[in-house]
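Q: I'd like to learn how to read a model like this one, feature by feature. Can you walk me through it?

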Amino acid sequence: MASRFAFHPACGAALALIFATAGGVAADAPVPSVRQVVLSPHAASDLMRDKVEPFVSKHCQSCHRKDKTKGELHLTRYATERDVTADFRRWKNIADFIRNGEMPPEDEPQPSIDERQGVLAAIEAIMLTEAKRNAGDPGAVLPSSLSELGNRIRGMIRSQIRKG
Ligand code: HEC
């Protein structure tokens with residue numbers, strides 16, 4: 001991966017590139033192609049409504065809502081992509097918890113691989129929007145998030161497989 005990444009205005013093109021890269025690294029076990037989760041270039045504006053909110057309401061909000069903030073995390077207060085990008089570090093942490101299978105807690109019903117992939121791809125896409133805004137900034141978050149993405153998704157798939 002080149003250390004400097006020129007942004008194409010179409011966020012979808014960038015995403016397609018990332019997922020193609022991630023998918024190109026052979027996994028140890030047969031897994032659904034990472035390419036299958038590539039998002040349409042025009043889906044960005046609906047990612048919160050279509051992907052993140054349904055996942056949170058199904059799997060997280062029983063413990064992380066306004067009147068019940070386990071770990072002092074109130075997830076339903078994030079309604080728009082802007083809310084997410086404004087709290088970038090927290091969402092990176094949230095994505096890590098989902099990817100590693102640490103949340104929901106193991107004694108709770110677990111999301112399917114597709115659900116996890118879908119929500120992680122959506123969170124990453126939202127973060128890419130933010131990174132794109134910072135593209136002129138040499139210290140921008142994007143390069144690391146690009147190179148980490150493939151590993152993250154593969155790690156997430158592996159941990160799902162281990163859980164069987
Ligand atoms: C059954 C209750 C329950 C559910 C459901 C649940 N969590 Fe949690 N979560 C907790 C508790 C309790 C903590 C704090 C203690 C801990 O870290 O284990 C926590 C902590 C966290 C933290 C760490 C907060 C911090 O910064 O310290 C994150 C991130 C998180 N949860 C995300 C999620 C996400 C995302 C989901 C949905 C996929 C989810 N949780 C579903 C109970 C839950």
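A: Let's start with Thr85, which sits in helix H3. This is a predicted model, where local features need pLDDT of at least 70, side-chain atom pairs count only at pLDDT 80 or more, and totals for chains, interfaces and linings use all residues. Residues are numbered from 1 along each chain as its sequence is written.

Q: How do I read a label like "H3"?

A: Helices (H or I, at least four residues) and strands (E, at least two) are DSSP runs, numbered from the N terminus. Here the chain has 6 helices and 2 strands, and going along the sequence you meet them as α-α-β-β-α-α-α-α.

Q: Why does Thr85 count as partly exposed?

A: A residue is buried if 20 or more other C-beta atoms lie within 10 Å of its own, exposed if 12 or fewer, and partly exposed in between, with C-beta atoms placed from the backbone. Thr85 has 17 other C-beta atoms within 10 Å, so it is partly exposed. Asp83, also found in helix H3, has 13 C-beta neighbours inside 10 Å and therefore counts as partly exposed. For the chain of 164 residues, buried ones make up 29%.

Q: Which residues does Thr85 touch, not counting residues up to four places away in sequence?

A: Two residues are in contact if their C-beta atoms, placed from the backbone, lie within 7 Å. By that test Thr85 touches Ile126, Met127, Thr129 and Glu130. If you look at C-alpha atoms instead, Thr85 and Thr129 are separated by 8.2 Å, with their positions 44 residues apart along the chain. Across the chain, take the contacts between residues at least 6 apart in sequence: 67% of them join residues at least 24 apart.

Q: Is Met127 buried or exposed?

A: Met127 lies in helix H5 and is buried, because 21 other C-beta atoms lie within 10 Å. The C-alpha atoms of Met127 and Val84 are separated by 7.9 Å, although the two residues are 43 apart along the chain.

Q: What is in the largest nonpolar core?

A: A nonpolar core is a set of buried Ala, Val, Leu, Ile, Met, Phe, Trp, Tyr and Cys residues joined through C-beta atoms within 7 Å. The largest one here has 22 residues, and Val52, Val119, Ala122, Ile123 and Ile126 touch the most other members. The elements giving two or more residues to this core are helix H2 (47–59), H4 and helix H5 (113–133). H5 supplies the largest share, 10 residues. Try Val52 on your screen: leaving aside neighbours within four places in sequence, Val52 is in contact with Leu47, Val119, Ala122 and Ile123.

Q: How do I judge the shape of a helix such as H2?

A: Start with its span: the expected value is 1.5 Å times one less than the number of residues. H2 has 13 residues and reaches 17 Å from its first C-alpha to its last, close to the 18 Å expected. Then check the bend, the angle between axes fitted to the seven residues ending at a residue and the seven starting there. H2 bends by about 35 degrees at Glu53, with a proline, Pro54, following within four residues.

Q: Which residues of H2 are buried?

A: An α-helix has 3.6 residues a turn, so residues three or four places apart point the same way. In H2 the buried ones are Leu47, Met48, Lys51, Val52, Phe55 and His59. Helix H3 (81–85) and H5 are among what covers them. Across that region, the C-alpha atoms of Asp83 and Met48 are separated by 9.9 Å.

Q: What about backbone oddities?

A: Look at omega and phi. The peptide bond from Met103 to Pro104 is cis, with omega near -5 degrees, and Pro104 has its place in the loop between H4 and H5. Glu72 has a positive phi of about 55 degrees although it is not a glycine. Glu72 is found in the loop between strand S2 (68–69) and H3, and it is exposed, with 6 other C-beta atoms within 10 Å.

Q: How many residues surround the ligand?

A: The shell has 16 residues, and the closest are Cys60, Cys63, Lys70, Gly71 and Met103. Helix H4 (88–99) gives the largest share, 4 residues. To sort a shell by chemistry, count Ala, Val, Leu, Ile, Met, Phe, Trp, Tyr, Cys and Pro as nonpolar, Asp, Glu, Lys and Arg as charged, and the others, Gly among them, as polar. This shell divides into 9 nonpolar, 5 polar and 2 charged.

Conventions
Near = placed C-beta within 6 Å.
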